[in-house]
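Colleague: Please take a close look at the charged side chains in this model. Tell me how they pair and how much cover they have. Finish with the disulfides, for contrast.

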Amino acid sequence: MNRLLILFICFTFSSHLSFAQKNKSTKKETVVEKANFQMDEIEFDFGVVNENGGLLIHEFSIKNTGNVPLLIKNIDPECGCTKTEYSDKPIPVGSVGYIKAVFNPIGRPGMFRKAITIFTNTEKEKSQIFLKGNVAPAKYEFNSTYTYQYGFLAVNNNTFNFNVLNTKSDSTYLRMYNLSNKKITINKIMTPNNIEITGPYYEIRPNTDIELLIKYRPKSPDDFGDFSQEVKLMTNDDSLPIKLIYINSTVKEDFSYLGPKDLKKAPKFTIDKLAHNFGDIGHKDNMNTEFTITNKGKQDLIIRKIKRSCNCVSADMETMVIKPKQKVKLKVAYTSFNTVGIDYRQIKLITNDPKNPEIVLNIIANIVR
């Protein structure tokens, strides 16, 4: 009897021990599933920014470090000055999502620190990230220094005029100021062969300016008159990547090398009249007149170029080289167009006469219906 009692007690104890061991093993194998995340930064500082420099944008990365998909349920910015975009689909384990924050600095000068609340499926439902910076007014107002805006670049001028002799060159400065809140880089400068633009550097930080030197020389020592050329500045300014700069020039012949004896032998331009008035004419009438040019000098008179103020006037000569004492006709044709009243047009002659290098002839008509 005692032996049976002892066997029963041993069996019962062994059964309890086995059950406890099974329970303990089960607890060890249980994995608690929960969401978690990690961010490389929770605050971003824009630094000093320009109030009129456009939207400030920064993207935060958010990595799922849990063992279930991470869900960004909602984003709540502190104020209407901040807008957000974010990964709206579950972020797989080990993957990275994003939260893009956009701050509008217009009308908000001074220091700022804006909170953005993130709602996720983590144990701690709410988390916060921050944007901060200092909104400053523009360094310059538009006045005599900066008169023209190209996207986020302000310039002192977009058109430069040069008056040079054919043997000389000239230069001026292009000043550029960065109105934006990001660095603007001039990646490439495309110029004609006779124009050079250089600077100490080609990056413009926000709220700063640079100065580029424009060097101009005539296209050819034998080409005179008025010219218009174009320069292209290729930049990373998203609002207007290509900045066009216009170069206008008037090139005149250099007669400074001529001494007194040379001047006495020089060609001498004379003409019978400097203007012609057709009087009253009708709409789309074709009118013609002539000017007589005489060379009263001792060397050949060369008409280097004839320039017209519009296509409504044409000018033709028998020859562009006039011998001493020779007379040559300049034939002018004028066509009236769709207008009424007095019309003034011009013809400019460029010559090798040191005393009359440019002569302007006026064509006048009164157009009536």
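Modeller: One cut-off first: buried means under 20% relative accessible area, exposed means over 50%, and partly exposed is in between. Keep in mind that this is a predicted model.

Now the pairs. Side chains of opposite charge can pair when their charged atoms come close. The structure holds twelve salt bridges. Three deserve a close look.

Start with aspartate 237 and lysine 243. Their closest N and O atoms are 2.7 Å apart, and they form a salt bridge. Where does lysine 243 stand, buried or exposed? Its relative accessible area is 0%, so lysine 243 is buried. Aspartate 237 has 1% relative accessibility, so this residue is buried too.

Next, arginine 304 and glutamate 253. Their side chains meet in a salt bridge at 2.8 Å, N to O. This pair links distant parts of the chain, 51 residues apart. Arginine 304 sits in strand S22 (residues 301-308), while glutamate 253 sits in the loop between strand S18 (242-252) and H2. Cover differs across the pair. Glutamate 253 is buried because its relative accessible area is 14%. Arginine 304 has 30%, so it counts as partly exposed.

Third, lysine 132 and glutamate 43. The salt bridge between their side chains spans 3.4 Å, N to O. Lysine 132 belongs to strand S8 (residues 126-136) and glutamate 43 to strand S2 (residues 43-50), so the contact ties together parts 89 residues apart in sequence. Lysine 132, at 27%, is partly exposed. Glutamate 43, at 28%, is partly exposed as well. The pair also has company: Glu43, Arg113 and Lys132 are linked in a network of salt bridges.

Some charges gather at the surface. Lys268, Lys296, Lys327, Lys329 and Lys355 form a positive surface patch. Patch members have no salt bridge. Take lysine 268. It lies in the loop between helix H2 (260-265) and strand S19 (269-271). Its relative accessibility is 46%, so it counts as partly exposed.

Last, the disulfides. There are two, in the pattern 1-2, 3-4 when bonded cysteines are counted along the chain. Cysteine 79 is joined to cysteine 81, S to S 2.1 Å. Cysteine 79 is partly exposed at 23%, whereas cysteine 81 is buried at 3%. Cysteine 310 is joined to cysteine 312, S to S 2.0 Å. The torsion about this S-S bond is about -80 degrees, so the disulfide of cysteine 310 and cysteine 312 is left-handed. Cysteine 310 is buried at 17%, and cysteine 312 is buried at 13%.

Definitions and conventions:
Residues numbered from 1 in each chain as written. Predicted model: local features only at pLDDT ≥ 70, side-chain atom pairs only at ≥ 80, totals over all residues. Heavy atoms only, no water. Patch = residues over 30% accessible without salt bridge, like charges linked within 9 Å, V, L, I, M, F, W, Y side chains within 5 Å. Areas by Shrake-Rupley, 256 points an atom, 1.4 Å probe, with all protein chains shown as cover. Salt bridge = Lys/Arg side-chain N within 4 Å of Asp/Glu carboxyl O. Lys, Arg positive; Asp, Glu negative; His and termini not counted. Charge placed at Lys NZ, Arg CZ, Asp CG, Glu CD. Helix = DSSP H or I, 4+ residues; strand = E, 2+ residues; numbered from the N terminus. Buried < 20%, exposed > 50% of the residue type's maximum accessible area, 1.4 Å probe, protein only. Disulfide = S-S within 2.5 Å.
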